[in-house]
Amino acid sequence: RVQDVTCRIQNILEREGEQPAVVVHVGTNDIGKKRKEVLQHEFREMGRRLKGRTSGVVISGLLPVPRACEDRNRELGNRNVWLRGWCREQGFRFIDHWSLFWGRGDLYKR
């Protein structure tokens, strides 16, 4: 969960030098459990804390969920649109691997 990562950033990075490269892959499991505005706020807080620690931040986009209903995957895709724009505003890199995982259930652990 985004909130869990945010709370642990300082501990995770304390021994990683002055400008560690950080790749964050989080958020898919928050969809459906939190309103869009709450999750966006949590991403912003995580970003604020990361910026205070490093300039090398990469946000990994949310992945499609195999066997999920169409609405859930549509919501995940919409969140990626927001994430991409937010990353651009923050100076973070964004990795979009949606198309690599779409329809590829064999890439997921069962």
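The exercises below work through helix packing, aromatic rings and selected residues of one predicted model.

Residues are numbered from 1 along each chain as its sequence is written, and side-chain values use heavy atoms, with hydrogens and water left out. Because the model is predicted, local features need pLDDT of at least 70 and side-chain atom pairs count only at pLDDT 80 or more, while totals for chains, interfaces and linings use all residues.

**Exercise 1. Describe how α1 packs on α2, and place T6 in that contact.**

Solution. Two packed helices are described by the angle between their axes and the distance between the axes. Helices are DSSP runs of H or I with at least four residues, and strands are runs of E with at least two, both numbered from the N terminus. Axes are lines fitted to C-alpha atoms, for helices over the stretch in contact, and angles run from 0 to 180 degrees between N-to-C directions.

Step 1: α1 and α2 pack at an angle of about 10 degrees, and their axes are 9 Å apart. That makes α1 roughly parallel to α2 (angles under 35 degrees count as roughly parallel, over 145 as roughly antiparallel, 65 to 115 as roughly perpendicular and the rest as oblique).

Step 2: on the α1 side the contact (heavy atoms within 4.5 Å) is made by V2, Q3, V5, T6, C7, I9 and L13, and on the α2 side by L39, E42, F43, E45, M46, R49 and L50.

Step 3: T6 lies in helix α1, residues 2–13, and at 6% relative accessibility T6 counts as buried (buried means under 20% relative accessible area, exposed over 50%, partly exposed in between, with a 1.4 Å probe and protein chains only). Not counting residues up to four places away in sequence, T6 touches E42, E45, M46 and R49.

**Exercise 2. Characterise the crossing of α2 and α3, and list the residues that meet there.**

Solution. Step 1: the axes of α2 (residues 36–51) and α3 (residues 70–90) come within 12 Å and cross at roughly 30 degrees, which makes α2 roughly parallel to α3.

Step 2: α2 passes α3 in a right-handed crossing (left-handed if the near helix is turned anticlockwise from the far one by less than a right angle, right-handed if clockwise).

Step 3: K36, L39, Q40, F43, R44, G47 and K51 in α2 meet R79, W82, L83, W86 and Q90 in α3.

**Exercise 3. Find the aromatic cluster that includes F43, and examine the pair W98 and W102.**

Solution. Step 1: the whole structure holds 6 aromatic pairs (rings of Phe, Tyr and Trp, the last by its six-membered ring, pair if their centres lie within 6.5 Å; planes under 30 degrees apart count as stacked, over 60 as edge-to-face and the rest as tilted). The ring centres of W98 and W102 are 5.9 Å apart and their planes stand at 15 degrees, so this pair is stacked.

Step 2: W98 is buried, with a relative accessible area of 18%.

Step 3: one aromatic cluster is formed by F43, W82, W86 and F92.

**Exercise 4. Is G61 buried or exposed, and which residues does G61 contact?**

Solution. Step 1: G61 is found in the loop between β2 (56–60) and α3, and with a relative accessible area of 1% G61 is buried.

Step 2: leaving aside neighbours within four places in sequence, G61 is in contact with H25, N80, F94, I95 and H97.

Step 3: R67 is also placed in the loop between β2 and α3, but R67 counts as exposed at 73% relative accessibility. R67 has a positive phi of about 65 degrees although R67 is not a glycine.
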